[in-house]
Amino acid sequence: MIPIFLSTPNSLSQMQSGLKDCIVTLVKGENLEPRTIGITDMPTSHPLKEAAILARACYGGLILGFEQCLSQMAVQKRGTLSEKAVHGLLHPTPWNQLEAGMLFALRKPLLIMRQPGVEGGIFDPGVSESFIVTLPTGQPTELEERNIASVVKSWASEVAKSYRHWG
């Protein structure tokens, strides 16, 4: 199996956990082995350093942008001419941004999946050449699962090319 870096929060709701399990099953079906700091790989004392080591040992990255924090009301760009009030901001784990940045810098093929409403940084459309997918809001329908499987298959092909080139 080809190791891939799976960036995902360690604490998930029941719905998020079901989606993650569905995606991981699809990924494993493509002969890929998801590895995650704090789940499959336990950090010693320096999680950022451990993440960098794991990123180098993997041939692709899967970023799961699940909501970890809800800001009911916030002010964006406070004190600037672009200041505005926003409601209902969904924030992923900051580790998604760090780990995606490491993988991007290492030129690993990325598959970025985000919960609806999770935006910013790596989750913005057009930020990179990566595959970016908005996840369903609940358990995926058969059609949604087929669409996700199709994207996973395309990305897995890029990961396999990376593995053949660097492995």
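**Figure 1. Lys 161 and Glu 158 both lie in helix 4, 3 residues apart, about one turn of the helix.** In this predicted model, the side chains of Lys 161 and Glu 158 form a salt bridge with an N to O distance of 3.3 Å. Lys 161 is partly exposed, at 44% relative accessibility. Glu 158 is partly exposed too, with a relative accessible area of 33%. The salt bridge shown here is one of 3 in the structure.

**Figure 2. Glu 142 and Arg 146 form a salt bridge within helix 4.** The closest N and O atoms of Glu 142 and Arg 146 are 3.2 Å apart. The two residues are separated by about one helical turn, because they are 4 residues apart in helix 4. Glu 142 has a relative accessible area of 62% and is therefore exposed, the cut-off being over 50%. Arg 146 is partly exposed, at 47% relative accessibility. Side chains of opposite charge can pair when their charged atoms come close.

**Figure 3. A salt bridge joins the side chains of Glu 30 and Lys 153.** The N to O distance in this pair is 3.1 Å. Glu 30 belongs to the loop between helix 1 and strand 2 (32–35), while Lys 153 belongs to helix 4. With their positions 123 residues apart in the numbering, the two link distant parts of the chain. Glu 30 is partly exposed, and its relative accessible area is 25%.

**Figure 4. Gln 16 of helix 1 is a buried residue.** The relative accessible area of Gln 16 is 5%, so this residue falls under the 20% cut-off for buried. A polar atom of the Gln 16 side chain lies 3.0 Å from the backbone oxygen of Glu 67. Neighbours within four places in sequence aside, Gln 16 is in contact with Phe 66, Glu 67, Gln 68 and Gln 115. Glu 67 thus appears both in that contact list and as the owner of the backbone oxygen at 3.0 Å.

**Figure 5. The largest nonpolar core has 24 residues.** Those with the most contacts inside this core are Ile 23, Val 27, Leu 32, Leu 62, Met 113 and Trp 155. At least two core residues come from each of strand 1 (2–7), helix 1 (14–29), strand 3 (61–65), strand 6 (110–114) and helix 4 (142–166). Another core, of 16 residues, lies apart from the largest one and includes Phe 5, Leu 54, Met 102 and Ile 112.

**Figure 6. Val 27 is among the residues with the most contacts inside the largest nonpolar core.** Which residues does Val 27 contact, leaving aside its neighbours within four places in sequence? They are Ile 4, Leu 32, Pro 34, Leu 62, Val 152 and Trp 155. Of these contacts, Leu 32, Leu 62 and Trp 155 are also named among the core residues with the most contacts.

**Figure 7. The second largest pocket has a volume of about 180 Å³.** This pocket is lined by 15 residues, and the closest to its centre are Thr 8, Asn 10, Ile 37, Trp 95 and Glu 99. Strand 1 and helix 3 (94–105) each supply at least two residues of the lining. Strand 1 gives the largest share, 3 residues. Strand 1 also supplies at least two residues of the largest nonpolar core.

Terms used. Residues are numbered from 1 along each chain as its sequence is written. This is a predicted model: local features need pLDDT of at least 70, side-chain atom pairs count only at pLDDT 80 or more; totals for chains, interfaces and linings use all residues. Side-chain values use heavy atoms; hydrogens and water are left out. A nonpolar core is a set of buried Ala, Val, Leu, Ile, Met, Phe, Trp, Tyr and Cys residues joined through side-chain atoms within 4.5 Å. Buried means under 20% relative accessible area, exposed over 50%, partly exposed in between (1.4 Å probe, protein chains only). Contact means heavy atoms within 4.5 Å. A polar contact is a pair of N or O atoms within 3.5 Å; within protein, one must be able to donate a hydrogen and the other to accept it, and residues adjacent in sequence count only if both atoms are side-chain atoms. A salt bridge is a side-chain nitrogen of Lys or Arg within 4 Å of a carboxyl oxygen of Asp or Glu. On a 1 Å grid over the protein atoms alone, a cavity is a set of points where a 1.4 Å probe fits but cannot get out, and a pocket is an open set with protein on both sides within 12 Å along at least five of seven lines; lining residues have an atom within 4 Å of a point. Grid points are joined across faces, edges and corners, and a volume is the space filled by probe spheres set on the points.
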